[in-house]
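Here is a short briefing on one protein model and the ligand it holds. Look at the structure, then work through the points by topic.

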Amino acid sequence: MSDTTRFLLNETDLPRQWYNILADSPVPLPPVLHPVTKEPVTPDFLSVLFPMELILQEVSTDRYIDIPEEVREIYKLYRPTPLVRARRLEKMLGTPAHIYYKNESVSPVGSHKANTAIPQAFYNKVAGTKAITTETGAGQWGAALSMACNFFDIALEVYMVKVSYEQKPYRRIFMETYGAQVYASPTDRTQFGRALLEQDPSNRGSLGIAISEAVEAAATSGGSKKYSLGSVLNHVLLHQTVIGEEALKQMDMAGEYPDVVIGCVGGGSNFGGIALPFLRENLRNGQRTRLLAVEPTAAPSLTKGIYTYDYGDTARMAPIVKMHTLGHTFLPPGIHAGGLRYHGMAPLISALYEAGYLEARAVPQVATFEAARLFTQAEGFLPAPESAHAIRAAIDEALDAKAKGEKRVILFNLSGHGHFDMMAYQEYLAGRLEDYAYPAEAVAQAMQSLPQVETEVTAAD
Ligand SMILES: *Cc1c(COP(=O)(O)O)cnc(C)c1O
(Lines give C-alpha, C1' and ligand atoms only; values in the text may rest on other atoms or scores of the structure.)
Protein backbone atom coordinates (compact mmCIF):
# COMPACT_ATOMS: atom_id res chain seq x y z
CA MET A 1 0.00 0.00 0.00
CA SER A 2 1.36 3.40 -0.99
CA ASP A 3 1.50 6.64 0.98
CA THR A 4 0.02 8.49 -1.98
CA THR A 5 -2.88 10.87 -1.37
CA ARG A 6 -4.18 11.47 -4.91
CA PHE A 7 -4.42 8.65 -7.42
CA LEU A 8 -4.22 10.19 -10.87
CA LEU A 9 -4.85 8.58 -14.23
CA ASN A 10 -3.48 9.85 -17.53
CA GLU A 11 -5.58 11.17 -20.37
CA THR A 12 -4.89 7.89 -22.16
CA ASP A 13 -6.60 6.03 -19.27
CA LEU A 14 -9.87 7.86 -19.90
CA PRO A 15 -12.47 5.09 -20.43
CA ARG A 16 -13.28 4.28 -24.05
CA GLN A 17 -16.62 2.67 -23.19
CA TRP A 18 -19.53 3.15 -20.82
CA TYR A 19 -20.75 0.13 -18.86
CA ASN A 20 -24.36 -0.97 -19.27
CA ILE A 21 -25.66 -2.83 -16.19
CA LEU A 22 -28.65 -4.08 -18.24
CA ALA A 23 -26.29 -6.68 -19.74
CA ASP A 24 -25.63 -8.23 -16.33
CA SER A 25 -28.61 -7.25 -14.18
CA PRO A 26 -30.26 -10.31 -12.65
CA VAL A 27 -33.56 -8.39 -12.53
CA PRO A 28 -35.38 -7.34 -15.72
CA LEU A 29 -36.72 -3.81 -15.99
CA PRO A 30 -40.52 -3.56 -16.24
CA PRO A 31 -41.65 -1.78 -19.43
CA VAL A 32 -42.01 2.01 -19.59
CA LEU A 33 -45.63 2.98 -20.26
CA HIS A 34 -47.31 5.70 -22.29
CA PRO A 35 -48.88 8.30 -19.93
CA VAL A 36 -52.27 8.19 -21.66
CA THR A 37 -52.71 4.72 -23.21
CA LYS A 38 -50.71 3.04 -20.43
CA GLU A 39 -49.33 0.64 -23.06
CA PRO A 40 -45.57 0.07 -23.33
CA VAL A 41 -44.06 3.09 -25.10
CA THR A 42 -42.80 2.82 -28.66
CA PRO A 43 -39.56 4.35 -29.93
CA ASP A 44 -41.85 6.60 -32.03
CA PHE A 45 -43.35 8.16 -28.91
CA LEU A 46 -39.93 8.67 -27.35
CA SER A 47 -38.48 10.09 -30.58
CA VAL A 48 -40.60 13.21 -30.14
CA LEU A 49 -38.42 13.99 -27.13
CA PHE A 50 -35.08 12.26 -27.69
CA PRO A 51 -32.67 11.58 -30.57
CA MET A 52 -32.71 7.94 -31.73
CA GLU A 53 -29.20 7.15 -30.51
CA LEU A 54 -30.20 7.92 -26.90
CA ILE A 55 -33.40 5.87 -27.26
CA LEU A 56 -31.30 2.94 -28.46
CA GLN A 57 -28.99 3.36 -25.46
CA GLU A 58 -32.04 3.50 -23.18
CA VAL A 59 -33.07 -0.02 -24.19
CA SER A 60 -29.70 -1.52 -25.10
CA THR A 61 -28.50 -4.71 -23.45
CA ASP A 62 -24.97 -4.49 -24.87
CA ARG A 63 -22.50 -4.70 -22.00
CA TYR A 64 -20.29 -1.87 -23.29
CA ILE A 65 -21.10 1.13 -25.43
CA ASP A 66 -18.32 3.11 -27.14
CA ILE A 67 -17.78 6.69 -26.02
CA PRO A 68 -17.58 8.84 -29.17
CA GLU A 69 -14.21 10.50 -29.73
CA GLU A 70 -15.91 13.96 -29.81
CA VAL A 71 -17.24 13.29 -26.29
CA ARG A 72 -13.89 11.99 -25.00
CA GLU A 73 -12.22 15.15 -26.30
CA ILE A 74 -14.48 17.29 -24.10
CA TYR A 75 -14.25 14.88 -21.14
CA LYS A 76 -10.50 15.57 -21.28
CA LEU A 77 -11.16 19.11 -20.03
CA TYR A 78 -11.61 17.57 -16.55
CA ARG A 79 -11.31 13.77 -16.76
CA PRO A 80 -9.98 11.44 -15.52
CA THR A 81 -10.95 12.97 -12.17
CA PRO A 82 -8.79 12.37 -9.09
CA LEU A 83 -9.36 9.62 -6.55
CA VAL A 84 -8.28 10.99 -3.19
CA ARG A 85 -7.44 9.22 0.06
CA ALA A 86 -9.01 11.35 2.80
CA ARG A 87 -6.09 10.90 5.17
CA ARG A 88 -6.76 14.03 7.21
CA LEU A 89 -10.41 13.06 7.68
CA GLU A 90 -9.37 9.56 8.78
CA LYS A 91 -7.04 11.11 11.36
CA MET A 92 -9.68 13.51 12.59
CA LEU A 93 -12.07 10.60 13.12
CA GLY A 94 -9.37 8.38 14.64
CA THR A 95 -10.64 5.51 12.53
CA PRO A 96 -8.75 2.47 11.28
CA ALA A 97 -10.91 2.69 8.14
CA HIS A 98 -9.42 3.96 4.89
CA ILE A 99 -11.62 6.59 3.24
CA TYR A 100 -11.34 7.37 -0.47
CA TYR A 101 -13.38 9.79 -2.53
CA LYS A 102 -13.78 10.29 -6.23
CA ASN A 103 -13.74 14.03 -6.88
CA GLU A 104 -16.35 14.85 -9.54
CA SER A 105 -16.48 18.47 -8.36
CA VAL A 106 -13.53 19.30 -10.64
CA SER A 107 -15.69 19.48 -13.78
CA PRO A 108 -16.03 23.01 -15.21
CA VAL A 109 -19.59 23.24 -13.88
CA GLY A 110 -18.67 21.78 -10.50
CA SER A 111 -20.55 18.47 -10.61
CA HIS A 112 -20.80 15.03 -12.21
CA LYS A 113 -23.72 16.21 -14.38
CA ALA A 114 -21.32 17.23 -17.15
CA ASN A 115 -20.65 13.50 -17.75
CA THR A 116 -24.08 13.01 -19.33
CA ALA A 117 -24.73 16.57 -20.54
CA ILE A 118 -21.83 16.30 -23.01
CA PRO A 119 -22.91 13.05 -24.73
CA GLN A 120 -26.58 14.09 -24.71
CA ALA A 121 -25.73 17.32 -26.51
CA PHE A 122 -23.43 15.40 -28.87
CA TYR A 123 -26.07 12.82 -29.92
CA ASN A 124 -28.55 15.65 -30.41
CA LYS A 125 -26.06 17.47 -32.60
CA VAL A 126 -25.53 14.35 -34.72
CA ALA A 127 -29.32 14.03 -35.10
CA GLY A 128 -29.55 17.64 -36.32
CA THR A 129 -31.24 19.07 -33.20
CA LYS A 130 -31.14 22.87 -33.17
CA ALA A 131 -32.73 23.51 -29.75
CA ILE A 132 -33.21 21.58 -26.48
CA THR A 133 -35.50 22.17 -23.51
CA THR A 134 -34.79 21.04 -19.98
CA GLU A 135 -35.63 21.70 -16.34
CA THR A 136 -33.35 22.46 -13.46
CA GLY A 137 -33.82 22.68 -9.71
CA ALA A 138 -30.90 24.33 -8.00
CA GLY A 139 -29.23 24.82 -11.37
CA GLN A 140 -26.55 22.08 -11.42
CA TRP A 141 -28.08 20.23 -14.34
CA GLY A 142 -29.01 23.42 -16.16
CA ALA A 143 -25.42 24.65 -15.91
CA ALA A 144 -24.00 21.34 -17.19
CA LEU A 145 -26.33 21.22 -20.18
CA SER A 146 -25.75 24.92 -20.89
CA MET A 147 -22.02 24.23 -21.17
CA ALA A 148 -22.55 21.17 -23.38
CA CYS A 149 -25.07 22.88 -25.70
CA ASN A 150 -22.69 25.80 -26.03
CA PHE A 151 -19.88 23.43 -27.13
CA PHE A 152 -22.12 21.83 -29.76
CA ASP A 153 -23.84 25.05 -30.83
CA ILE A 154 -27.37 24.05 -29.79
CA ALA A 155 -29.85 26.57 -28.32
CA LEU A 156 -31.02 25.73 -24.79
CA GLU A 157 -34.24 26.67 -22.96
CA VAL A 158 -34.09 26.00 -19.20
CA TYR A 159 -37.16 25.84 -16.95
CA MET A 160 -35.76 26.63 -13.51
CA VAL A 161 -37.84 26.00 -10.37
CA LYS A 162 -39.01 29.50 -9.39
CA VAL A 163 -37.92 29.35 -5.77
CA SER A 164 -34.35 28.57 -6.89
CA TYR A 165 -34.49 31.13 -9.70
CA GLU A 166 -35.22 33.77 -7.08
CA GLN A 167 -32.95 32.51 -4.30
CA LYS A 168 -29.99 31.31 -6.36
CA PRO A 169 -29.37 33.90 -9.07
CA TYR A 170 -25.72 32.92 -9.53
CA ARG A 171 -26.34 29.59 -11.26
CA ARG A 172 -28.87 31.30 -13.51
CA ILE A 173 -26.20 33.83 -14.50
CA PHE A 174 -23.75 30.92 -14.98
CA MET A 175 -26.20 29.32 -17.45
CA GLU A 176 -26.82 32.60 -19.23
CA THR A 177 -23.09 33.15 -19.64
CA TYR A 178 -22.95 29.89 -21.63
CA GLY A 179 -25.78 31.32 -23.75
CA ALA A 180 -28.84 29.53 -22.34
CA GLN A 181 -32.31 31.09 -21.95
CA VAL A 182 -33.54 30.59 -18.37
CA TYR A 183 -37.19 30.92 -17.27
CA ALA A 184 -38.69 30.83 -13.75
CA SER A 185 -41.10 27.85 -13.65
CA PRO A 186 -44.09 27.85 -13.58
CA THR A 187 -43.96 30.15 -16.62
CA ASP A 188 -46.64 31.53 -18.90
CA ARG A 189 -44.87 29.85 -21.83
CA THR A 190 -46.71 26.52 -21.49
CA GLN A 191 -50.33 25.48 -21.09
CA PHE A 192 -49.49 23.64 -17.88
CA GLY A 193 -47.60 26.61 -16.43
CA ARG A 194 -50.42 29.01 -17.30
CA ALA A 195 -53.01 26.74 -15.67
CA LEU A 196 -50.97 26.56 -12.47
CA LEU A 197 -50.46 30.32 -12.34
CA GLU A 198 -54.17 30.88 -12.85
CA GLN A 199 -54.91 28.72 -9.80
CA ASP A 200 -52.15 30.28 -7.74
CA PRO A 201 -50.09 33.20 -9.07
CA SER A 202 -47.61 32.74 -6.21
CA ASN A 203 -46.80 29.10 -7.12
CA ARG A 204 -43.07 28.71 -6.47
CA GLY A 205 -42.64 25.61 -8.57
CA SER A 206 -41.15 22.16 -8.12
CA LEU A 207 -38.91 19.89 -10.14
CA GLY A 208 -41.95 17.84 -11.24
CA ILE A 209 -43.63 20.99 -12.57
CA ALA A 210 -40.48 22.20 -14.35
CA ILE A 211 -40.11 18.77 -16.02
CA SER A 212 -43.72 19.04 -17.22
CA GLU A 213 -43.10 22.46 -18.73
CA ALA A 214 -39.87 21.41 -20.47
CA VAL A 215 -41.51 18.25 -21.84
CA GLU A 216 -44.54 20.21 -23.05
CA ALA A 217 -42.34 22.85 -24.72
CA ALA A 218 -40.49 20.15 -26.67
CA ALA A 219 -43.53 17.97 -27.41
CA THR A 220 -45.51 20.92 -28.84
CA SER A 221 -42.62 22.42 -30.82
CA GLY A 222 -43.54 20.63 -34.03
CA GLY A 223 -40.23 18.79 -34.01
CA SER A 224 -38.00 21.84 -33.70
CA LYS A 225 -36.96 21.14 -30.08
CA LYS A 226 -35.85 18.03 -28.22
CA TYR A 227 -35.92 17.47 -24.47
CA SER A 228 -33.12 16.38 -22.17
CA LEU A 229 -33.18 14.91 -18.65
CA GLY A 230 -30.22 15.00 -16.25
CA SER A 231 -30.91 11.92 -14.14
CA VAL A 232 -33.24 8.90 -13.68
CA LEU A 233 -33.07 7.44 -17.21
CA ASN A 234 -30.98 4.39 -18.16
CA HIS A 235 -28.84 6.31 -20.64
CA VAL A 236 -27.99 8.92 -18.01
CA LEU A 237 -26.79 6.26 -15.57
CA LEU A 238 -24.89 4.66 -18.45
CA HIS A 239 -22.95 7.87 -19.18
CA GLN A 240 -22.11 8.30 -15.50
CA THR A 241 -20.32 4.94 -15.33
CA VAL A 242 -17.09 6.69 -16.36
CA ILE A 243 -16.88 7.55 -12.64
CA GLY A 244 -16.87 3.93 -11.45
CA GLU A 245 -14.68 2.67 -14.31
CA GLU A 246 -11.98 5.19 -13.43
CA ALA A 247 -12.37 4.50 -9.71
CA LEU A 248 -11.79 0.76 -10.27
CA LYS A 249 -8.43 1.51 -11.91
CA GLN A 250 -7.52 4.03 -9.22
CA MET A 251 -8.39 1.70 -6.31
CA ASP A 252 -6.11 -0.78 -8.02
CA MET A 253 -3.32 1.84 -8.05
CA ALA A 254 -3.96 2.31 -4.31
CA GLY A 255 -3.60 -1.44 -3.81
CA GLU A 256 -6.98 -1.70 -2.10
CA TYR A 257 -10.54 -2.70 -2.93
CA PRO A 258 -13.60 -1.02 -1.38
CA ASP A 259 -15.74 -2.86 1.17
CA VAL A 260 -18.42 -0.24 0.67
CA VAL A 261 -19.15 2.25 -2.15
CA ILE A 262 -21.36 5.22 -1.25
CA GLY A 263 -23.21 7.88 -3.25
CA CYS A 264 -26.01 10.34 -2.58
CA VAL A 265 -29.21 9.80 -4.54
CA GLY A 266 -31.61 12.30 -6.08
CA GLY A 267 -32.60 10.58 -9.30
CA GLY A 268 -29.81 8.02 -8.85
CA SER A 269 -27.29 8.97 -11.53
CA ASN A 270 -24.09 9.78 -9.64
CA PHE A 271 -24.63 6.82 -7.32
CA GLY A 272 -25.30 4.57 -10.31
CA GLY A 273 -22.24 6.00 -12.01
CA ILE A 274 -19.87 5.03 -9.24
CA ALA A 275 -21.66 1.90 -7.99
CA LEU A 276 -22.74 -0.01 -11.11
CA PRO A 277 -19.22 -0.92 -12.33
CA PHE A 278 -18.59 -2.27 -8.80
CA LEU A 279 -21.88 -4.18 -9.00
CA ARG A 280 -20.56 -5.78 -12.20
CA GLU A 281 -17.51 -6.94 -10.23
CA ASN A 282 -19.85 -8.37 -7.57
CA LEU A 283 -21.99 -10.17 -10.14
CA ARG A 284 -19.27 -11.39 -12.49
CA ASN A 285 -16.05 -11.56 -10.51
CA GLY A 286 -17.09 -12.64 -7.04
CA GLN A 287 -16.45 -9.35 -5.24
CA ARG A 288 -18.69 -8.53 -2.28
CA THR A 289 -18.68 -4.75 -2.07
CA ARG A 290 -21.68 -3.20 -0.32
CA LEU A 291 -23.29 -0.47 -2.45
CA LEU A 292 -24.97 2.20 -0.34
CA ALA A 293 -27.35 4.90 -1.65
CA VAL A 294 -27.91 7.85 0.68
CA GLU A 295 -30.95 10.14 0.56
CA PRO A 296 -32.38 12.93 2.73
CA THR A 297 -35.04 12.03 5.33
CA ALA A 298 -37.02 14.88 3.74
CA ALA A 299 -37.24 13.16 0.32
CA PRO A 300 -36.82 9.46 1.12
CA SER A 301 -37.95 7.80 -2.12
CA LEU A 302 -35.98 4.55 -1.61
CA THR A 303 -36.43 4.10 2.14
CA LYS A 304 -40.04 5.31 2.46
CA GLY A 305 -41.37 5.39 -1.10
CA ILE A 306 -43.40 2.62 -2.69
CA TYR A 307 -42.07 0.50 -5.60
CA THR A 308 -44.83 0.97 -8.13
CA TYR A 309 -45.77 2.52 -11.48
CA ASP A 310 -45.97 6.32 -11.29
CA TYR A 311 -45.77 9.32 -13.58
CA GLY A 312 -42.36 10.90 -14.06
CA ASP A 313 -43.75 14.44 -13.75
CA THR A 314 -46.51 16.46 -12.12
CA ALA A 315 -48.58 17.12 -15.25
CA ARG A 316 -48.63 13.36 -16.11
CA MET A 317 -47.16 13.95 -19.57
CA ALA A 318 -43.91 12.09 -19.07
CA PRO A 319 -43.85 8.29 -19.36
CA ILE A 320 -45.05 6.10 -16.48
CA VAL A 321 -42.23 4.06 -14.98
CA LYS A 322 -41.93 1.51 -12.21
CA MET A 323 -39.82 3.06 -9.50
CA HIS A 324 -39.66 3.90 -5.82
CA THR A 325 -41.86 6.96 -5.57
CA LEU A 326 -43.27 9.40 -3.04
CA GLY A 327 -46.04 10.15 -5.56
CA HIS A 328 -45.89 12.53 -8.53
CA THR A 329 -47.90 15.01 -6.43
CA PHE A 330 -44.93 15.23 -3.99
CA LEU A 331 -44.27 18.80 -2.88
CA PRO A 332 -40.75 18.80 -1.50
CA PRO A 333 -40.08 20.43 1.82
CA GLY A 334 -37.59 23.31 1.59
CA ILE A 335 -34.40 21.43 2.32
CA HIS A 336 -31.12 22.77 1.02
CA ALA A 337 -30.05 19.78 -1.06
CA GLY A 338 -32.06 20.95 -4.07
CA GLY A 339 -30.71 18.18 -6.27
CA LEU A 340 -32.19 15.46 -4.06
CA ARG A 341 -35.82 16.57 -4.14
CA TYR A 342 -37.27 14.48 -7.00
CA HIS A 343 -40.30 12.32 -6.13
CA GLY A 344 -39.01 9.17 -7.80
CA MET A 345 -35.86 7.14 -8.30
CA ALA A 346 -34.14 5.75 -11.39
CA PRO A 347 -36.01 2.56 -12.44
CA LEU A 348 -32.65 0.74 -12.62
CA ILE A 349 -31.68 1.70 -9.07
CA SER A 350 -35.21 0.92 -7.85
CA ALA A 351 -35.25 -2.57 -9.38
CA LEU A 352 -31.78 -3.46 -8.08
CA TYR A 353 -32.59 -2.11 -4.61
CA GLU A 354 -35.89 -4.01 -4.50
CA ALA A 355 -34.03 -7.21 -5.39
CA GLY A 356 -31.45 -6.67 -2.64
CA TYR A 357 -28.37 -5.79 -4.71
CA LEU A 358 -28.13 -2.27 -3.26
CA GLU A 359 -28.56 -0.78 0.23
CA ALA A 360 -30.19 2.55 1.10
CA ARG A 361 -30.13 4.87 4.09
CA ALA A 362 -31.80 8.23 4.82
CA VAL A 363 -29.91 10.92 6.73
CA PRO A 364 -31.27 14.10 8.33
CA GLN A 365 -30.25 17.59 7.20
CA VAL A 366 -28.41 18.92 10.26
CA ALA A 367 -26.15 15.87 10.66
CA THR A 368 -25.48 16.10 6.92
CA PHE A 369 -24.22 19.67 7.19
CA GLU A 370 -22.22 18.66 10.27
CA ALA A 371 -20.47 16.09 8.07
CA ALA A 372 -19.97 18.71 5.35
CA ARG A 373 -18.27 21.05 7.80
CA LEU A 374 -16.05 18.29 9.15
CA PHE A 375 -15.05 17.31 5.61
CA THR A 376 -14.36 20.91 4.61
CA GLN A 377 -12.16 21.44 7.65
CA ALA A 378 -10.30 18.16 7.16
CA GLU A 379 -9.93 18.00 3.37
CA GLY A 380 -10.33 21.62 2.26
CA PHE A 381 -12.99 20.98 -0.39
CA LEU A 382 -16.41 22.43 0.42
CA PRO A 383 -18.99 19.88 -0.78
CA ALA A 384 -22.39 20.41 -2.37
CA PRO A 385 -25.17 19.79 0.19
CA GLU A 386 -26.21 16.82 -1.99
CA SER A 387 -22.74 15.26 -1.83
CA ALA A 388 -22.67 15.84 1.93
CA HIS A 389 -25.24 13.04 2.28
CA ALA A 390 -22.63 10.60 0.96
CA ILE A 391 -20.03 12.12 3.29
CA ARG A 392 -22.36 11.68 6.28
CA ALA A 393 -22.72 7.98 5.48
CA ALA A 394 -18.98 7.57 4.82
CA ILE A 395 -18.16 9.11 8.20
CA ASP A 396 -20.75 6.88 9.89
CA GLU A 397 -19.17 3.82 8.23
CA ALA A 398 -15.73 4.97 9.41
CA LEU A 399 -16.99 5.48 12.97
CA ASP A 400 -18.70 2.09 12.92
CA ALA A 401 -15.43 0.51 11.79
CA LYS A 402 -13.69 2.32 14.65
CA ALA A 403 -16.22 1.06 17.20
CA LYS A 404 -15.77 -2.49 15.92
CA GLY A 405 -11.98 -2.17 15.58
CA GLU A 406 -12.24 -3.10 11.90
CA LYS A 407 -10.19 -2.00 8.97
CA ARG A 408 -12.74 -1.03 6.37
CA VAL A 409 -12.13 0.44 2.92
CA ILE A 410 -14.72 3.09 2.13
CA LEU A 411 -15.18 4.81 -1.23
CA PHE A 412 -17.64 7.61 -1.79
CA ASN A 413 -18.47 9.93 -4.65
CA LEU A 414 -17.99 13.65 -4.13
CA SER A 415 -20.62 14.54 -6.73
CA GLY A 416 -20.05 18.30 -6.64
CA HIS A 417 -18.77 21.35 -4.83
CA GLY A 418 -20.95 23.75 -2.85
CA HIS A 419 -19.65 27.10 -3.97
CA PHE A 420 -23.12 28.22 -5.05
CA ASP A 421 -24.74 26.95 -1.83
CA MET A 422 -23.43 29.49 0.62
CA MET A 423 -26.92 30.46 1.78
CA ALA A 424 -27.43 26.90 2.99
CA TYR A 425 -24.10 26.92 4.83
CA GLN A 426 -25.00 30.26 6.35
CA GLU A 427 -28.27 28.84 7.67
CA TYR A 428 -26.40 25.86 9.08
CA LEU A 429 -23.69 27.97 10.73
CA ALA A 430 -26.35 30.23 12.25
CA GLY A 431 -28.06 27.18 13.78
CA ARG A 432 -31.22 27.79 11.78
CA LEU A 433 -31.43 24.46 9.94
CA GLU A 434 -34.01 21.94 11.06
CA ASP A 435 -34.47 18.25 10.49
CA TYR A 436 -37.56 17.04 8.74
CA ALA A 437 -38.73 13.49 8.18
CA TYR A 438 -41.22 13.14 5.34
CA PRO A 439 -44.27 11.42 6.89
CA ALA A 440 -45.28 7.93 5.80
CA GLU A 441 -48.93 9.10 5.88
CA ALA A 442 -48.18 11.66 3.15
CA VAL A 443 -46.72 8.87 1.01
CA ALA A 444 -49.80 6.72 1.60
CA GLN A 445 -52.03 9.67 0.71
CA ALA A 446 -50.12 10.32 -2.54
CA MET A 447 -50.53 6.68 -3.59
CA GLN A 448 -54.21 7.41 -4.19
CA SER A 449 -53.33 9.37 -7.31
CA LEU A 450 -51.12 6.70 -8.89
CA PRO A 451 -51.90 5.81 -12.51
CA GLN A 452 -54.22 2.83 -12.86
CA VAL A 453 -52.03 0.27 -14.59
CA GLU A 454 -53.09 -3.24 -15.58
CA THR A 455 -51.24 -5.75 -13.42
CA GLU A 456 -50.61 -7.89 -16.53
CA VAL A 457 -48.35 -5.16 -17.85
CA THR A 458 -46.25 -5.42 -14.73
CA ALA A 459 -46.05 -9.17 -15.05
CA ALA A 460 -45.44 -9.22 -18.80
CA ASP A 461 -41.81 -8.12 -18.80
C1 LIG B 1 -28.02 16.69 -9.23
C2 LIG B 1 -27.04 16.38 -8.20
C3 LIG B 1 -27.16 15.23 -7.39
C4 LIG B 1 -28.34 14.31 -7.44
O5 LIG B 1 -28.62 13.73 -8.67
P6 LIG B 1 -28.31 12.21 -9.02
O7 LIG B 1 -28.90 12.02 -10.36
O8 LIG B 1 -28.93 11.36 -7.97
O9 LIG B 1 -26.84 12.08 -9.02
C10 LIG B 1 -26.16 14.97 -6.48
N11 LIG B 1 -25.10 15.77 -6.33
C12 LIG B 1 -24.95 16.89 -7.08
C13 LIG B 1 -23.75 17.75 -6.86
C14 LIG B 1 -25.91 17.21 -8.04
O15 LIG B 1 -25.75 18.30 -8.79
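In this predicted model, the side chain of Lys113 has an N or O atom 2.6 Å from an oxygen atom of the ligand. Ser231 makes a similar approach: an N or O atom of its side chain is 2.5 Å from a ligand oxygen. For His112, the distance from a side-chain N or O atom to an oxygen atom of the ligand is 3.1 Å.

**Around the ligand**

- Taken alone, the ligand exposes 380 Å². The protein buries 98% of that area.
- The ligand has 17 residues around it. Those that come nearest are Lys113, Ser231, Gly266, Ser269 and Ser415.
- What kinds of residues make up the shell around the ligand? Four are nonpolar, 11 are polar and two are charged.

**The seven-strand sheet**

- General background first: strands of a sheet pair through backbone hydrogen bonds, and the pairing is either parallel or antiparallel.
- One open sheet has seven strands. Read across, their order is β1-β4-β5-β15-β10-β11-β14, and the pairing is mixed.
- Why is one side of β1 and of β14 left without a neighbour in the sheet? Strands β1 (6-7) and β14 (359-363) stand at the edges, so each has a single partner strand.
- The partner of β1 is seen in its bridges: two of them join β1 to β4 (residues 83-85). These two strands run antiparallel.
- Arg6 has Val84 in β4 as its bridge partner.
- Helix α13 (residues 269-285) packs on this sheet. The helix touches β5 (98-103), β10 (260-264), β11 (290-296) and β15 (409-414). Its direction makes about 155° with that of β10.

**The four-strand sheet**

- Another open sheet has four strands, in the order β8-β7-β6-β9. Here the pairing is parallel.
- Strands β8 (181-185) and β9 (225-227) stand at the edges. Each has a single partner strand, so one side of each lacks a neighbour in the sheet.
- From one strand to the next, the twist averages 25°.
- Three bridges link β6 (residues 131-136) with β9, in the parallel sense.
- Which residue in β9 is the bridge partner of Ile132? The partner is Lys226.
- Helix α10 (residues 207-219) packs on this sheet and touches β6, β7 (155-161), β8 and β9. The direction of α10 makes about 170° with that of β6.

Methods. Residues are numbered from 1 along each chain as its sequence is written. This is a predicted model: local features need pLDDT of at least 70, side-chain atom pairs count only at pLDDT 80 or more; totals for chains, interfaces and linings use all residues. Side-chain values use heavy atoms; hydrogens and water are left out. Two strands pair if DSSP finds at least two bridges between them. Contact means heavy atoms within 4.5 Å. Axes are lines fitted to C-alpha atoms, for helices over the stretch in contact, and angles run from 0 to 180 degrees between N-to-C directions. A residue is near a molecule or strand if one of its heavy atoms lies within 4 Å of it. A polar contact is a pair of N or O atoms within 3.5 Å; within protein, one must be able to donate a hydrogen and the other to accept it, and residues adjacent in sequence count only if both atoms are side-chain atoms. Accessible areas come from the Shrake-Rupley method with a 1.4 Å probe; for residues, only the protein chains shown count as cover. Ala, Val, Leu, Ile, Met, Phe, Trp, Tyr, Cys and Pro count as nonpolar, Asp, Glu, Lys and Arg as charged, and the others, Gly among them, as polar.
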